[in-house]
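Subject: Structure handover and notes

Dear colleague,

I am passing on a structure that you have not worked with before, and I would be glad if you could look through it with the notes below beside you. Please open it first and then read on.

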Amino acid sequence: MTALDIRPLGPNIGAEVYGIDLAHELPDETIAAIRAAWLEHLVLFFPGQSLTPETQLAFATRFGTTTEAHPVEKSKADNEKIHAIDSIKDRTDFWHTDVTFMAEPPSASMLYAVQLPPVGGDTMWTSTRAAYERLAKPLQRFCTELTAIHYSEYYAQVVASGGGQSWNGKPVTEMPPVEHPVVRIHPETERPNLFVNPGFTVGIKDFPAAQGHAFLKVLYDHMIRPEFVCVTGGPRERSPSGTTAPRCTTASSTTAKTAGSCTA
Ligand SMILES: [Fe+2]
């Protein structure tokens, strides 16, 4: 087995991975090494890959049971687990964690950049784990007592008009608000992270709306401090690349790009 060449992008989040071809079936120990790097760095970038939807999905499946691509956005016609994103028309330039408006969000998303603009096309990723760990201790304790409300008015309206897809094998026919703890413990690392995001968290349970919004803003301003953020995904060499990011991150695209993705 070729040793993985893992190059961290900073102390808190992000690493590039070289010396690997994701289009080929990889031995279990290589997958285990990628998983360990992923849990440490939270988002991994694989520059210079050449994937088809089939090989991308095969790679994603090594990390868990793959979900449908999205509960509302339409999948590729020939594969319900792949969603083609066109940033010219899709909403991507806002901070969000994928699909937290569902009771069971995916544990990860796997992106593959197909077409990039001459400049830009990057995605910003922030470590909600580092953000939690750097909160003042009284604020950490306070957050562990809180439950957040997650909801997407936009997607709920699409679903209400019959535009739902399916999720975890069930048709999506309604999309009520759901609750998630503000602090979640990662099941593998057992490290806590802040599980709120400006895209889909609409309030704090039992808080008046204004107080909930004000407190969430305190957390959001903290979560996107520069030391918690890495900016990449539009690779420097402008070639296709893969990205995988788990539940301890939020992301925001900086400029238009086109990507295929699947969730795992
Ligand atoms: Fe996303």
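The notes below go from the whole chain to a sheet, then to the cores and a few single residues.

This is a predicted model, in which local features need a pLDDT of at least 70 and side-chain atom pairs count only at pLDDT 80 or more, while totals for chains, interfaces and linings use all residues. Residues are numbered from 1 along each chain as its sequence is written.

The mean pLDDT of the protein chain (the predictor's confidence in each residue, from 0 to 100) is 88, and 87% of the residues reach 70 or more. Over residues 254-264, however, the pLDDT is below 50, although this stretch has 63 contacts in the model beyond near neighbours in sequence; a contact here is a pair of residues whose C-beta atoms, placed from the backbone, lie within 7 Å. Where pLDDT is low, the predicted coordinates should not be read in detail.

The protein chain has six helices and 17 strands, taken as DSSP runs (H or I of at least four residues for helices, E of at least two for strands) and numbered from the N terminus. Of its 264 residues, 40% count as buried, where buried is defined as 20 or more other C-beta atoms within 10 Å of the residue's own, exposed as 12 or fewer, and partly exposed as in between, with C-beta atoms placed from the backbone. Among the contacts with a separation of 6 or more, 79% are between residues 24 or more positions apart.

One part to look at is an open sheet of three strands, in the order β10-β7-β13 and with antiparallel pairing; two strands are taken to pair if DSSP finds at least two bridges between them. The strands β10 (178-181) and β13 (201-204) stand at the edges with a single partner strand each, so one side of each has no neighbour in the sheet. From one strand to the next the twist averages 35°, with axes as lines fitted to C-alpha atoms (for helices over the stretch in contact) and angles from 0 to 180 degrees between N-to-C directions.

Four bridges join β7 to β10, and Ala148 stands opposite His180 in β10. Three bridges join β7 (residues 147-150) to β13, where Thr201 is the bridge partner of His150. The side chains along β7 alternate: Ala148 and His150 point to one face and are buried, whereas Thr147 and Ile149 point to the other and are not.

The largest nonpolar core has 37 residues, of which Ile13, Ala131, Val182, Leu194 and Val196 touch the most other members; such a core is a set of buried Ala, Val, Leu, Ile, Met, Phe, Trp, Tyr and Cys residues joined through C-beta atoms within 7 Å. The elements that give two or more residues to this core are β3 (44-47), α2 (53-61), β5 (108-115), α3 (128-133), α6 (209-223) and β14 (229-232), and β5 gives the most, with five residues. Because domain 1 (5-123 + 231-263) and domain 2 (127-223) both give residues to this core, it lies between them; the domain bounds come from an automatic or database domain assignment. Leaving aside neighbours within four places in sequence, Val182 is in contact with Cys143, Leu146, Thr147, Ala148, Leu194, Phe195 and Val196. Apart from this core lies another, of nine residues, among them Val99, Tyr155, Val159 and Trp167.

Cys143 is found in helix α4 and counts as buried, with 21 C-beta neighbours inside 10 Å. Beyond four places in sequence, Cys143 is in contact with Leu135, Val182, Val183 and Leu194. Phe142 is also found in α4 (residues 137-144), but Phe142 is partly exposed, with 14 other C-beta atoms within 10 Å.

Two backbone angles may also deserve your attention. Most residues other than glycine have a negative phi. Leu42, in the loop between α1 (28-41) and β3, has a positive phi, near 75°, and is buried, with 27 other C-beta atoms within 10 Å. Glu190, in the loop between β11 (183-185) and β12 (192-194), also has a positive phi, near 60°, but counts as exposed, with 7 C-beta neighbours inside 10 Å.

With best wishes

Note on methods. Two residues are in contact if their C-beta atoms, placed from the backbone, lie within 7 Å.
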